[in-house]
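Student: I've got a model open and I'd like to walk through it with you. Can we go step by step, from the overall fold down to single residues?

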Amino acid sequence: MDGDALYSIGELARRAGLTVKTVRFYSDRGIVAPTDRSPAGYRLYGIDAVARLGLVRTLRELGLDLSTIRRVVDRELSLPEVAATHADALAVQIRVLRLRHAVVTAVAERGATPEETELMHRLAQLSEDERRRLIGDFLDAVFGGLDDDAPALAGVMRSMTPNCPTTRRPNRSRRGWSWPSCPWTRTSAPPCGGLPRTR
């Protein structure tokens, strides 16, 4: 392949595996600029445009926005730095999707009422600190009287406070929903009017 060769927008699109419309879109936004113009005024691109478009296509498929991609291909941002930031953002999105999946699966399997659905959705949206406070309030209601009468026992009980996982684990009977280590899924009177583990 000749490094000095120039390609029309159609040839560049073919080599990059993109449509002419897509290449023109990127070119119009300065992400892939033409190297020259033909005597008739058509855009011509160098061989580096093929590699540049390949990187742009990959980053778009990974979910990066065009403004960030442009800064990467212009070497204003390092690719590892951008990848690390994007990975963190994806981790948040994955957690949100897992929680949503847990709720809608529970609604489907349980045949939940609108009120139960709203409650499950609210519980799933709690932050870690909010979950700890919710469980703390639950433990205060259950073991509050032990703090004075049996402080050692109350301390042991509180030290066994479970951590709620971020994903639902289906039970074998498939009769309901549960985050098995959360106290409100194992009792008939869970905090905030929560749901029992099975119906």
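Student: At 23% relative accessibility, does Glu11 count as buried, partly exposed or exposed?
Tutor: Keep in mind that this is a predicted model. Buried needs a value under 20% and exposed needs one over 50%. Glu11 comes out at 23%, so the class is partly exposed.

Student: Which residue forms a salt bridge with Glu11, the closest N and O atoms being 2.7 Å apart?
Tutor: Look 3 residues along helix α1 (residues 9–16), about one helical turn from Glu11. The residue there is exposed, at 56% relative accessibility. With the closest N and O atoms 2.7 Å apart, the salt-bridge partner of Glu11 is Arg14.

Student: Which residues are joined into one network by salt bridges that share partners?
Tutor: We already have one pair, Arg14 with Glu11. Shared partners then bring in Arg15 as well. The network is Glu11, Arg14 and Arg15.

Student: What is the relative accessible area of Arg43, which forms a salt bridge with Asp28?
Tutor: The closest N and O atoms of Asp28 and Arg43 are 2.9 Å apart. This pair links distant parts of the chain, with Asp28 in helix α2 (residues 20–28) and Arg43 in strand β3 (residues 43–45), 15 residues apart. Asp28 is partly exposed at 49%. Arg43 is buried, since the cut-off is under 20% and its relative accessible area is 19%.

Student: How far apart are the closest N and O atoms in the salt bridge of Arg122 with Glu118?
Tutor: Both residues lie in helix α6 (residues 114–124), 4 residues apart, which is about one turn of the helix. Arg122 is partly exposed, at 43% relative accessibility. The rule for a salt bridge asks for N and O within 4 Å, and here the closest atoms are 3.8 Å apart.

Student: How many salt bridges does the count come to?
Tutor: Side chains of opposite charge can pair when their charged atoms come close. We've gone through pairs including Asp28 with Arg43 and Arg122 with Glu118. By the same distance rule, the count comes to 9.

Student: Switching to the sheet, which strands stand at the edges?
Tutor: The sheet is open, has 3 strands and pairs them antiparallel in the order β1-β3-β2. A strand at the edge has a single partner strand, so one side of it is left without a neighbour in the sheet. That picks out β1 (7–8) and β2 (36–37).

Student: Which residue in β3 stands opposite Tyr7?
Tutor: β1 and β3 run antiparallel and are joined by 2 bridges. Opposite Tyr7, in β3, you'll find Tyr45.

Student: At what angle do the axes of helix α3 and helix α4 cross?
Tutor: Two packed helices are described by the angle between their axes and the distance between the axes. The axes of α3 (residues 48–61) and α4 (residues 66–73) come within 10 Å, and the crossing is right-handed. The angle is roughly 145°.

Student: By class, how many residues in the contact of α3 with α4 are nonpolar?
Tutor: On the α3 side are Arg52, Leu55, Val56, Leu59 and Arg60, and they meet Leu66, Ile69, Val72 and Val73 in α4. The contact has no polar residues and 2 charged ones. The nonpolar count is 7.

Student: Is Ala13 buried or exposed?
Tutor: Ala13 sits in helix α1 and touches Leu18, Thr19, Val20 and Val23, leaving out residues up to four places away in sequence. Val23 is 10 residues from Ala13 in sequence and 6.2 Å away in space, C-alpha to C-alpha. At 3% relative accessibility, Ala13 is buried.

Student: Which residue has a positive phi of about 65° although it is not a glycine?
Tutor: Go to the loop between α4 and α5 (79–110). The residue you want there is exposed, with a relative accessible area of 78%. The one with that positive phi is Arg75.

Student: Zooming out, how many helices and strands does the protein chain have?
Tutor: From the N terminus on, the elements run β-α-α-β-β-α-α-α-α-α-α-α. Buried residues make up 34% of the 199 residues. The chain has 9 helices and 3 strands.

Notes
Residues are numbered from 1 along each chain as its sequence is written. This is a predicted model: local features need pLDDT of at least 70, side-chain atom pairs count only at pLDDT 80 or more; totals for chains, interfaces and linings use all residues. Side-chain values use heavy atoms; hydrogens and water are left out. A salt bridge is a side-chain nitrogen of Lys or Arg within 4 Å of a carboxyl oxygen of Asp or Glu. Buried means under 20% relative accessible area, exposed over 50%, partly exposed in between (1.4 Å probe, protein chains only). Axes are lines fitted to C-alpha atoms, for helices over the stretch in contact, and angles run from 0 to 180 degrees between N-to-C directions. A crossing is left-handed if the near helix is turned anticlockwise from the far one by less than a right angle, and right-handed if clockwise. Contact means heavy atoms within 4.5 Å. Ala, Val, Leu, Ile, Met, Phe, Trp, Tyr, Cys and Pro count as nonpolar, Asp, Glu, Lys and Arg as charged, and the others, Gly among them, as polar. Two strands pair if DSSP finds at least two bridges between them.
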